[in-house]
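Here are my notes for you to read with the model open beside you. Take the points in order and find each spot as you go.

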Amino acid sequence: MAASSDATTIELFLDMLAAEQGAGDNTLNAYRSDLEDLSAFLAHAKTDFARADTQALRDYLADLDRRGFKSSSVARRLSSTRHLFRFLLNERKRSDDPAAILAGPKRGRPLPKVLSIADVDRLLGKAREFADQEQAPLQKLRAMRLWCLLEVLYATGLRVSELVALPLSAAKRDARMIVVRGKGDKERLVPLNQSSREAMTAYLAATEAAKTDKTKSEPRSKWLFPSSGESGHLTRQHFARDLKELAMAAAISPRLISPHVLRHAFASHLLHNGADLRIVQTLLGHTDISTTQIYTHVVEERLKSLVRDLHPLAEK
């Protein structure tokens with residue numbers, strides 16, 4: 001638990017992130033967790049955010065390593081630490097920035113896991129097979145919802161948090177585009193294909209069919225994928241569980257499947273088929289194209305195969 005003065009600093013810092021940078025709940029929770037851990041370490045060393053020096057922060061990074069944190073996790077905590085001390089400097093809570101010269105762990109950026117087009121086809125086929133089966137209304141609705149989620153995800157490459165929080169208005173009849181509210185509360189237009197529109201229409205029909213006499217009088221949810229939980233819509237975790245069950249049914253290893261892997265598949269398959277990197281960046285909602293460039297390994301392989309197959313001096 002953070003000391004009292006540190007706890008107050010953390011709250012001020014998080015308020016700044018929310019107000020000035022539009023940080024969402026997941027981002028704020030991650031920063032809170034990181035900084036409370038840092039505060040606890042500093043308290044044990046008899047210091048705090050206001051007095052910690054560079055060596056104390058280096059000791060913290062070394063402690064993370066001793067605790068078995070992966071380099072990616074250490075890098076994230078270092079990023080949180082740098083942001084905090086930059087904030088303290090800017091707010092004149094400190095006259096120096098002890099985190100400015102800290103060196104992070106060296107790590108290669110891992111390539112995203114990518115499903116083949118055939119694997120995605122099997123997943124979509126199995127989801128539609130379950131959706132077409134004769135079953136009780138509530139079971140039918142769950143199957144239709146999973147099919148709809150999968151079709152929309154692969155058609156748009158949305159982040160899972162964006163997908164599960166789609167408003168009901170996204171399923172307007174004959175809608176060719178949907179407005180997505182992404183990171184930093186920024187909006188972008190994303191096109192829908194015919195398959196995803198059909199899945200939405202069928203899913204909404206199943207929603208109506210599953211209503212009982214008791215629920216028919218209830219006001220309609222504003223969410224496309226409503227839930228009785230606190231958020232009012234389906235959770236990311238619930239969708240991820242359903243997706244892994246579907247993968248097993250499609251004879252695909254569940255460890256290879258997640259909503260984020262399907263977002264990777266959307267981007268990689270577009271690039272493989274000749275899409276422009278800038279277009280993919282816009283569709284994914286990446287602010288910086290360097291984030292999108294992780295997918296260029298797909299383009300590189302495609303170019304290599306073109307040279308190998310088409311260059312007149314290539315080996316026969």
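**Notes on the predicted model**

The accessible surface of the protein comes to about 18,200 Å², and carbon and sulfur atoms hold 52% of it. Keep in mind throughout that this is a predicted model.

1. **The overall picture.** Start by counting elements: you should find 13 helices and 2 strands. Of the 316 residues, 41% are buried. Now look at the contacts with a sequence separation of 6 or more: 60% of them join residues that sit 24 or more positions apart.

2. **What the record marks.** Which residues does the UniProt annotation "active site" cover? The list is R159, K183, H260, R263, H286 and Y295, and it comes from an unreviewed entry. I'd colour these six positions before reading on, since the next two points pick from them.

3. **R159.** You'll find R159 in the loop between helix 6 (137-156) and helix 7 (160-164). Buried or exposed? R159 has a relative accessible area of 12%. The cut-off for buried is under 20%, so R159 counts as buried. Leaving out residues up to four places away in sequence, R159 touches G182, K183, R188, R263, L284, G285 and H286. Check those neighbours against the record: K183, R263 and H286 are among the positions it lists as "active site".

4. **H260.** Another position from the record, H260, is part of helix 10 (residues 259-272). Its relative accessible area is 44%. That value falls between the cut-offs of 20% and 50%, so H260 is called partly exposed. R159, by contrast, is buried.

5. **Helix 6 against helix 8.** How do these two helices pack? Their axes are 8 Å apart, at an angle of about 160 degrees. Because an angle over 145 degrees counts as roughly antiparallel, helix 6 is roughly antiparallel to helix 8. The crossing of helix 6 past helix 8 (residues 194-209) is left-handed. If you want to see who meets whom, helix 6 brings residues including L141, M144, W147, C148 and V152, while helix 8 brings residues including A199, M200, A202, Y203 and A206. The meeting residues also include R145 and E151 from helix 6, and E198 from helix 8.

6. **V190.** Now move to strand 2 (residues 187-191), where V190 sits. The relative accessibility of V190 is 1%, so it counts as buried. What does V190 touch, not counting residues up to four places away in sequence? The answer is T156, L158, R176, M177, I178, V180 and L283. Try one distance yourself: V190 and G157 are 33 residues apart in sequence, and their C-alpha atoms are 9.0 Å apart in space.

7. **Two backbone oddities.** Most residues other than glycine have a negative phi. With that in mind, look at K46, which has a positive phi of about 60 degrees although it is not a glycine. K46 lies in the loop between helix 2 (25-44) and helix 3 (54-66). A251 also has a positive phi, near 60 degrees, and is not a glycine either. A251 belongs to the loop between helix 9 (236-249) and helix 10.

8. **Where those two sit.** Are K46 and A251 buried or exposed? The cut-off for exposed is over 50%. K46 has a relative accessible area of 70%, so K46 is exposed. At 64% relative accessibility, A251 counts as exposed too.

Technical notes: Residues are numbered from 1 along each chain as its sequence is written. This is a predicted model: local features need pLDDT of at least 70, side-chain atom pairs count only at pLDDT 80 or more; totals for chains, interfaces and linings use all residues. Side-chain values use heavy atoms; hydrogens and water are left out. Helices (H or I, at least four residues) and strands (E, at least two) are DSSP runs, numbered from the N terminus. Buried means under 20% relative accessible area, exposed over 50%, partly exposed in between (1.4 Å probe, protein chains only). Contact means heavy atoms within 4.5 Å. Accessible areas come from the Shrake-Rupley method with a 1.4 Å probe; for residues, only the protein chains shown count as cover. UniProt positions are given in the numbering used here, feature names are shortened, and annotations may be inferred rather than shown by experiment. Axes are lines fitted to C-alpha atoms, for helices over the stretch in contact, and angles run from 0 to 180 degrees between N-to-C directions. Angles under 35 degrees count as roughly parallel, over 145 as roughly antiparallel, 65 to 115 as roughly perpendicular and the rest as oblique. A crossing is left-handed if the near helix is turned anticlockwise from the far one by less than a right angle, and right-handed if clockwise.
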